[in-house]
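Biologist: I would like a close look at one part of this model, a single sheet and what lies against it. Please keep the cut-offs explicit.

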2 protein chains.
Amino acid sequence: MQNVESIIHARWIIPVEPEQTFYENYSLVIEQGKILDILATKKCHKKYQSAIEHHLNTHALIPGFINTHTHAAMNLMRGIADDLPLMEWLSEHIWPVEAKYVDYQFVKDGTTLAIAEMLRCGTTTFNDMYFFPDAAAKAAQEAGIRACVGLIVIDFPSAWGKDSDDYLHKGLQLHEQYRNHPLITTALAPHAPYTVSDEPLKKIQSYAEKLEIPIHMHLHETADELQQAIANDGMRPIERMEKLGLLSPFLMAVHMTQIDDKDYKQLKRYGVNIIYCPESNLKLASGFCPIAELHKHKINIAIGTDGAASNNDLDMLSEMRTAALLAKAIAKDPSAVPAHQALSMATINGAKALGLDHLTGSLKKGKVADITAINLDSIETQPVFEPISSIVYSSNREQISDVWIQGKHLLNNRKLTTIDEKQIKQTAREWGEKLSHI
Amino acid sequence: MQNVESIIHARWIIPVEPEQTFYENYSLVIEQGKILDILATKKCHKKYQSAIEHHLNTHALIPGFINTHTHAAMNLMRGIADDLPLMEWLSEHIWPVEAKYVDYQFVKDGTTLAIAEMLRCGTTTFNDMYFFPDAAAKAAQEAGIRACVGLIVIDFPSAWGKDSDDYLHKGLQLHEQYRNHPLITTALAPHAPYTVSDEPLKKIQSYAEKLEIPIHMHLHETADELQQAIANDGMRPIERMEKLGLLSPFLMAVHMTQIDDKDYKQLKRYGVNIIYCPESNLKLASGFCPIAELHKHKINIAIGTDGAASNNDLDMLSEMRTAALLAKAIAKDPSAVPAHQALSMATINGAKALGLDHLTGSLKKGKVADITAINLDSIETQPVFEPISSIVYSSNREQISDVWIQGKHLLNNRKLTTIDEKQIKQTAREWGEKLSHI
């Protein structure tokens, strides 16, 4: 008998790699924060023992969700201005609030609120883009969640930076600070083609190649964006990105609701990752991203929630469901994006986009123990014919019972272990009060 | 001081009528199952007292949801066959299971499971269509939920009926049996234009007029349905319905994803009610119902979940959110179907479609106390800037804390009071086992 750090016995284990597979009455063995073994519970009882054994008899274990597009701090602006045309929403609500209130503490508190929500929804990694990424990194580090912190670059000044050089400089400092951190990585995060000019974009590409980190960028979010780009630059943003050398496997292109037939081959050839944010695209009426068609071209697609101001939650379980449902309607094919494919998009595909798939995104021996447990013994998920389908189409965030990151138990039977729930709710209420006075 | 049956003190009361309104720190007074008064809590303390006073200090009260399209018993087939083309799904999975297993007990158990789910999601009325409507009525009566039971008519035999005359005859008997029941009403429920021929449809219309009850029917669900109708009948189903006299305020036309420009005026002129099932339409890739455009024409639109085999839940909170999000994308307008309008579609508009708006669908003095309480003090709904927006865009079924129907407390702090949760889950598991063997 081998003594190990901890063992989780589960009714089902869904490794995601290989796809479309589940094991029944299996156990997952954790040692030094990593997955040491996955085997039948009967065999496990003979081979391993631990002082910490969890018996999740009605639960499924899946890899923790990877939320590949967030503006976490915007949780404090959840619902501050809904149901408005995009430019009115931005210029009369979001931007004035940001100009007046966004500082280090706002981002630290907002990101902590977002992390609390994400852990409760089964997310173990998030890919963020916002001002004061140092505050977001700090919040993630304190909570123990895995995060890829976006080193935001934008041509315009904010409380965080004067100009694109200043943003880049501060970002690279932050990158240095967290280099080799077990949980925190960084990505270069130019906001969008229409807010970052050519020179900084070229610098960003060269840093991405040098540091081998992703580029996280909004791209082709709306039809308007394309029209204005054609008017200003004489070409579509994706063409400009190609010209600047930004189309590569480093690129995480967020939204991409506007895709021409010729784009599929380009995206595939350059190995670009598409980040699909279906609920934000619906809520802002941005357009429809043709997921099934992208998948046919074997382009890597991951899922993100976007910020809470345009969603209005960071619930990856619900986002995965919307992703699967909407993709069928867009493709006019009810067999498009089946449940297991949606689950891959919400886990391993996100890890690939972030360059973290050697570490996380699936339940495999040797990977870190980033794990989410879902209790399927709920009236809303009875009966269970196939657990992957039950998770994708019927489960809800309250059924997320436990979350481990690097083997550390961060959500224990619905209780957060590293964030004070009462305190963060109180902080959120206080910010809400403040932000109402604009 | 007036002694009353019970009082609910709430942080917010959202009456739905008038629309886009909420009252803060208000109380709702119940007497003999009806709403006696709605007034500021401070005033209430001076005017009313009761042995039963609920203090919901972080909650919003809304009218209970009205789910206007269910096949409740199909909860037992939740997830039995997902991600398949429509005809393969029906002919190789759903129909064989129905042929082999559907009987009185199946419908009673499946409907009870569905009612448990609906109550836990804040639904107080559902509009059902399935075989053995007598079993559905019995299940609703026992649980104490309000139901409009569909008197199903279909040309083909089943365990419930031989032919359309037999279905109609049994349906009318059931109508007689529940006439004047405080909770159970009936609707004539011809399955669809392609499964019910002209003669029974004419009879159905004459009974609807005579008995003054609604007609609940799938209509224009898919493009295929229209193509086949044109091939078979030389006209679109809606034209055939007009010819047969079925277009009227009695008609609840479910789905309507295929609408031509000239249909809007017809639907408006005849006062037809549209039942929008966005998640089912997405999952089966049926098409997009143009909600914002229908609304512009002042056509009454209500929301239904459809059955759990094609959704895969009966969660009206989530359905309402999807309805609001999807409508914006279809209309290419982020200000289309704002939160308050989505809430109306999920409550009062359903009551209107069912001819029950004198009784339920809004929180108004004199109406019955069909009430749902939602706790907004959750990490996922902080901060709250506007409670209607928080409910529609951020709330989740686990935040539904309490449900009253006719003043009776059917969900008490997440516990069902009339259904044994353990028992119904066990029953569902047993049916699941059986149904796996087909």
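Biologist: How many bridges join strand β6 of chain B to strand β15 of chain B, and do these strands run parallel or antiparallel?

Modeller: Five bridges join β6 (residues 53–63) to β15 (residues 371–375) in chain B, and the two strands run antiparallel. This is a predicted model, in which local features need pLDDT of at least 70 and side-chain atom pairs count only at pLDDT 80 or more, while totals for chains, interfaces and linings use all residues. Residues are numbered from 1 along each chain as its sequence is written, and chains are lettered from A and ligands numbered from 1 in the order in which they are written. Helices (H or I, at least four residues) and strands (E, at least two) are DSSP runs numbered from the N terminus; strands pair if DSSP finds at least two bridges between them.

Along the β6–β15 pairing, B:L61 stands opposite B:A373. Both strands belong to an open, mixed sheet of eight strands in chain B, ordered β4-β3-β2-β6-β15-β16-β17-β18. Its edges are β4 (34–40) and β18 (415–416), each pairing on one side only. Helix α3 (104–120) of chain B packs on this sheet and touches β16 (400–405), β17 (408–412) and β18, a contact being two C-beta atoms, placed from the backbone, within 7 Å. The direction of α3 makes about 85° with that of β17 in chain B; axes are lines fitted to C-alpha atoms, for helices over the stretch in contact, and angles run from 0 to 180 degrees between N-to-C directions.

Between the chains, 56 residues of chain A are in contact with 56 of chain B. Among the helices of chain A that each supply at least two residues to that side are α3 and α16 (421–436); α16 gives the most, with eight residues.
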